[in-house]
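Hi,

Here is the structure I said I would pass on. Have a look at it first, and then read my notes underneath.

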Amino acid sequence: MRYLLLTLLIIYLPVTFAQPRQSLVPGGIAMIELDPNDTRGYLFHKKPVLVTQIDGKSVAVIGLPLSLSVGEQFIEKSDATQVHRKYFEVAAKQYSTQHIEIKDKRKVNPYASDMDRILAEKKRKQNARTHYSEAEVDVNFLLPVKGTQTGSFGRRRVFNGQARRPHSGMDIAASTGTPILAPSAGTVIELGDFFFSGNLIYIDHGQGLISMFAHLSEIDVTLGERISKGQMIGKVGATGRVTGPHLHWSLGLNGSWIDPALFFAAPD
């Protein structure tokens, strides 16, 4: 009979380790050090977990969705006779609210004739966000564009007085035409001109780690292209639902958008 082998003591990585940084809140990440012989195969809510080497140690890096319940959570892995679980605690976090006025009211309340396009694009986005490959991952990211961070991940958005979903990424304000660099190596899995996001690119960095870049003025890569870390992939623009030129960068992990700022050093 199968039984649960409960791992009650979790060793969390100290902040001095290489990026990313742990943040045990909805929209954050959990980082669990694994035994060298106990690596791939863990699942979180039935989705594969990224496992990589950080400072010579095998580490599970788990994306925590904004909708995640606070309290005890776990990753698990099964073998022929056992289910192994590693537990961690998720704390609550209160995100702020942002009110935005959009001049193009059609981007807030689309016409009925827009809905077929919007729904088709939504499916393409969902497929890209949940894409998974077994590629090795370089988690030491570069900031994709130089500029001012103007939008906080997780903020509740109110467009023209109408509540919408929380902000799913990092906004970086920069002049139209500013080069956008790939934060890590990967493969282009989706791109195009989308109703809300404007010109966008999805890059698969491996093991469920996905970048999405939106509102571009120019796309400089092709579907299926293998991208090097630091390669220019496009340029900042103001396409789609925007108030001005900026890069919207979303970072997905095991199917959920997480705060991209956690892949960089904490602000002083």
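**Ile 189 and the strands around it**

Let's start with Ile 189, which sits in strand E15, a stretch covering residues 186-194. One thing to keep in mind throughout is that this is a predicted model.

Is Ile 189 buried, exposed or something in between? Its relative accessibility is 22%, and buried means under 20%, so Ile 189 counts as partly exposed. If you set aside the neighbours within four places in sequence, Ile 189 is in contact with Ala 128, His 131, Tyr 202, Asp 204, Ile 210 and Leu 223. You can also look from Ile 189 across to Gly 224: the two are 35 residues apart in sequence, but their C-alpha atoms are 5.9 Å apart in space.

Now follow the chain on from E15. Strands E15 and E16 form a hairpin with 3 residues between them, and they pair in the antiparallel sense over 7 bridges. One pair to look up is Gly 192, whose bridge partner in E16 is Leu 200.

How many of the residues of strand E16 are buried? The count is 9 of the 9, over residues 198-206, so E16 is largely enclosed by the rest of the structure.

E16 also pairs with E17, again in the antiparallel sense, this time over 6 bridges. Here Gly 206 stands opposite Leu 209 in E17. These two strands make a hairpin as well, with 2 residues between them, and Gln 207 takes a positive phi near 55° there.

Further along E17, which covers residues 209-216, you come to His 215. Its phi is near 70°, a positive value in a residue other than glycine. His 215 is buried, with a relative accessible area of 7%.

**Another hairpin, and another histidine**

Strand E5 covers residues 50-54, and 4 of its 5 residues are buried, so E5 is largely enclosed by the rest of the structure. Its partner is strand E6 (residues 57-63), and the two pair in the antiparallel sense over 5 bridges. In that pairing, Val 51 stands opposite Ala 60 in E6. E5 and E6 form a hairpin with 2 residues between them, and Asp 55 in the turn has a positive phi of about 50°.

Before E5, have a look at His 45, in the loop between strand E3 (43-44) and strand E4 (47-48). Its phi is near 55°, which is a positive value in a residue other than glycine.

**A sheet of three strands**

Which strands make up the open sheet with antiparallel pairing? There are 3 of them, in the order E14-E20-E18. E14 (179-181) and E18 (218-219) stand at the edges with a single partner strand each, so one side of each is left without a neighbour in the sheet. E14 is joined to E20 (residues 232-235) by 3 bridges, and the two run antiparallel. Leu 181 has Met 232 in E20 as its bridge partner.

**Gly 147**

Gly 147 lies in the loop between helix H1 (115-129) and strand E10 (148-151). At 44% relative accessibility, Gly 147 counts as partly exposed. Apart from neighbours within four places in sequence, Gly 147 is in contact with Ile 172 and Ala 173. From Gly 147 to Met 31 is 29 Å in space, C-alpha to C-alpha, and 116 residues in sequence.

**The chain as a whole**

Stepping back, the protein chain has 1 helix and 22 strands. Its radius of gyration is 19 Å, close to the 18 Å that the globule rule gives for 268 residues, so the chain is as compact as a globular protein of that length. Along its principal axes, the C-alpha trace spans about 60 × 40 × 35 Å.

Of the 268 residues, 49% count as buried. Among contacts between residues at least 6 apart in sequence, 68% join residues at least 24 apart. The accessible surface comes to about 13,000 Å², and 53% of that belongs to carbon and sulfur atoms. As for charge, there are 30 positive and 25 negative side chains, with the centres of the two sets 6 Å apart.

Best wishes

How values were computed: Residues numbered from 1 in each chain as written. Predicted model: local features only at pLDDT ≥ 70, side-chain atom pairs only at ≥ 80, totals over all residues. Heavy atoms only, no water. Helix = DSSP H or I, 4+ residues; strand = E, 2+ residues; numbered from the N terminus. Rg over C-alpha atoms; globule rule 2.2 N^0.38 Å. Buried < 20%, exposed > 50% of the residue type's maximum accessible area, 1.4 Å probe, protein only. Contact = heavy atoms within 4.5 Å. Areas by Shrake-Rupley, 256 points an atom, 1.4 Å probe, with all protein chains shown as cover. Lys, Arg positive; Asp, Glu negative; His and termini not counted. Charge placed at Lys NZ, Arg CZ, Asp CG, Glu CD. Pairing = 2+ DSSP bridges.
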